[in-house]
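User: I'd like to learn how to read the fold and the aromatic pairs of a model like this one. Could you walk me through it?

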Amino acid sequence: MATYQLNVNGERREVTVDPSTPLLWVLREDLKMTGTKFGCGISACGACTVHVGGVATRSCVVPISHVGDRPIVTIEAMAADPVGRAVQNAWVEEDVVQCGYCQSGQIMAAVALLKHTPRPTEQNIEESMGGNLCRCGTYPRIRAAIKTAATQLTKGGA
Amino acid sequence: MVAPAIDRRGFLRVSFAAASGLLISLYLHPDALGQEAPMPQQQAKVYPPDAFVNIRPDGKIVIQVNRLEFGQGVQTALPMVLADEMDADWANVIGELAPAADVYKDPLFGIQIVGGSGSIAHSFTQYRELGAKTRAMLIAAAADRWNTTPDKCRTEASVVHGPNGKSATYAELAADAARKPVPAKVNLKSATEFKLVGKRVKRLDSRPKCNGSLKFGLDLDLPGMKVAVVAHPPVFGGRVKRIVDDEARRVEGVRDIFEIPLAKGTGVAVVADKFWPAKQARSRLKIDWDLTGVEQPDSSELWTRYRQLGNTAGLVAVNRGAANAFDKIAAGDRIVAEYEFPFLAHTPMEPLNTTVRFDGDRGEAWAGSQFQTVDQIAVAEVLGLKPQQVTFHTEMAGGGFGRRAVTDSHIQREAAVIAKRMRGTPVKLIWTREDDVQGGYYRPMHYHRVEVGIGPDGLPAAWRHVVVGQSLLMGTPFESFAVKNGIDETAIEGTSDTHYNIPNMHLSVHHPKVNVPVLWWRSVGHTHNAFVMETLIDELATRARMDPIAYRRKLLKPDAKKLLQPLDLLDKATSGWRNKLPRGHALGVSCHESFGTGVACAVDVSIDNKRPRIHRATIAVDCGIAVNPLSVESQFQAGIGFGLTQLVPKGAITLKNGMVEQRNFDSYAPPYIIDTPMTVDVHIVPSSEAPTGCGEPPVPVISPAVVNALARLTGKRYRTLPLLNV
């Protein structure tokens, strides 16, 4: 067991866990932030995607001991983020979700994409979203919602 | 196990209870302070549950949904149906998933279930009547209050309006309405009076699913809760011989390690404070397994056995016309086709889980279950309780596709066995993705051998067909539902009842016994039967040099209107692109009816990096009244993506020496965004007929349509799945 000082959604959080514990399980079980989902545990589905140091990261394979002082941002902070809010609104507007289990990860991946690429091409979308599984198959609406969010965000001449 | 009451008398009994007033009860809910405000003679809270509609003082109307919501949109659609007849203000309607209870049983199946694409189809009239009866009771209460008669009152947006400008909200009337008798009979709206049904209504659960606040079963957190994982035998039915657990017990946070019985064989449960220590400890267990007398199936041996079986006729399911018609067809006019379909795992995104607490004389369970009645009975049986002593909560589920409706309730039994030992402590059992991929309950592998004799008109004059595959239901409490004369109808659905006019047809079935647990997988037997039928029909159309839509229309029986109308609509909807595809692209067509819903599908496909690239898909569907056309559209847009699990190169479960060769999404990889159509347009046949299901019917059409397009590009026919590189 070791104690870690984490920066989660802008707040200082302290946890005492085994150093091998993946960030995913620290978020879910120690910090009780269950918006980040467990899907595979081997970074093959993207359900656990969060931003670590601004980069979309599969939290299921990042041991807590490797996080350091890099800021962690999760789905719970998206409503307060301008891009996050736009993406969530686009998701609702396009009625994207079905079972919804993968959508936290999808939204985190989409937000990371739009932060770096405000006007993504179809190919940008396929590359950035390419590792996020949706068993329901909501992909066509995910594509549409990303374009809707991009239009919304770039309207102001960003 | 105890067979659940699923006979027709059970159905009638539930209906009778409904007529006598059990089915609807309105009650006041906890007030703002969280205190109960029970009505006399009314249920104060959901337990014991007998209510469908709860009108709160704040005007919110909570409607209990007698189904699991796991993506199909029923948590929005059934409240729409009820709210429409009730004239409830939609902006204040909340849909809640009902716990296990008699009143929430499927009116047709007699158990609480999500299956057979029946959530809307079976409960449409039920929810309309519930809404209309509730409305009538509210009007009766208002009429009393105003000393008038119900016919002088009208309703709109949760308000009753009476003579002389009088009005009262539903919330104001709820307490009085709850004391009114439930009318035995009510008039339902005509289709033109619908305000919600037939409209594109957005899902009620979008926002909480987009901000991480919605709790799935796996997110459950109870005071003092522990987490359990189970080490399962490497071969189905293996038994624990010896456990060395010193190292595992040294993992901090581990509470207990013990052997448990499984549906087949035995396993070792690890209970810990949290998931990670439980998983760490499990990986440090050293277990010797006893595989004595356990069959160790091997995929390549199974294929050899299945092919041999397929060369002989099995139990006869269809024998129409002349038995020897095929033999009279010249060799050049025959097609002999062999098909292979592997085992498929469902792999819903939310790993399987169930939480159980055992308190001696009570039990409580939380599960994203498609099969509440059966799972509640199973938990009770393990805990030594009666079903009504087990409170069974329906948790929101992250997909399911059939995997959460298991006739032996093996997940719930595992959880209950562990909870029983951990008495007083809630235990959440989690199956990791590896447990899920390797844990069985797959779509069974199937072999089809088909001999088609082509007549002078290019139509099939003779059809001889053998299907080989494990039965889903033989030996389960549900056997009598689908197994007739030794034939499991779910193995041949979509072929035995084909709407194509095939005058001479012989269909027979072999059901080998194999030591691999199998289960219905979204659209069940239609997954493989539609693939066989629709690829062969396409080949026949090509040989006849006919347009694939025109050929199907010609071959379909005149009364197959659930397919003919979608084909007509597809013809129109694709006229702009179907015959104008760029070089390197090809059209693929299919149509199939399942669960009462007819679907026609056209795709535009090219080959990119040896894989099919699906540029667009157009779907035409006849599902009767589309209760929520937006939801129907979404089901089809996404459901065809699920259907493509059959085609992706890593879409197969295989066995070697009894052990599953795939482990996780690295080796069993369902479709990602790149594997699915870039756009999907869905066209709905206008209809005033009763609604039919939309959960499963998207799945069967897509794979045959795609390989039919590939056949046009390469000249090859693709009959072995998964589809390896083209």
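User: Happy to start with the basics: how many helices and strands does chain B have?

Analyst: Chain B has 17 helices and 28 strands, where helices (H or I, at least four residues) and strands (E, at least two) are DSSP runs numbered from the N terminus. This is a predicted model, in which local features need pLDDT of at least 70 and side-chain atom pairs count only at pLDDT 80 or more, while totals for chains, interfaces and linings use all residues. Residues are numbered from 1 along each chain as its sequence is written, and side-chain values use heavy atoms, leaving out hydrogens and water.

User: What share of the residues of chain B is buried?

Analyst: Buried means under 20% relative accessible area (1.4 Å probe, protein chains only). In chain B, 63% of the 726 residues count as buried.

User: And how do I read an aromatic pair?

Analyst: You describe a pair of aromatic rings by the distance of the centres and the angle of the planes. Rings of Phe, Tyr and Trp (its six-membered ring) pair if their centres lie within 6.5 Å; planes under 30 degrees apart are stacked, over 60 edge-to-face, and the rest tilted. Over all chains, the structure holds 16 aromatic pairs. One of them joins Phe52(B) and Tyr127(B), edge-to-face at 5.5 Å centre to centre with 85 degrees between the planes. Phe52(B) sits in the loop between helix H1 (8–19) and strand E1 (53–55) of chain B and Tyr127(B) in helix H3 (residues 119–145) of chain B, so the pair ties together parts 75 residues apart in sequence.

User: Are Phe52(B) and Tyr127(B) buried or exposed?

Analyst: Both Phe52(B) and Tyr127(B) are buried.

Methods
Chains lettered and ligands numbered in written order. Buried < 20%, exposed > 50% of the residue type's maximum accessible area, 1.4 Å probe, protein only.
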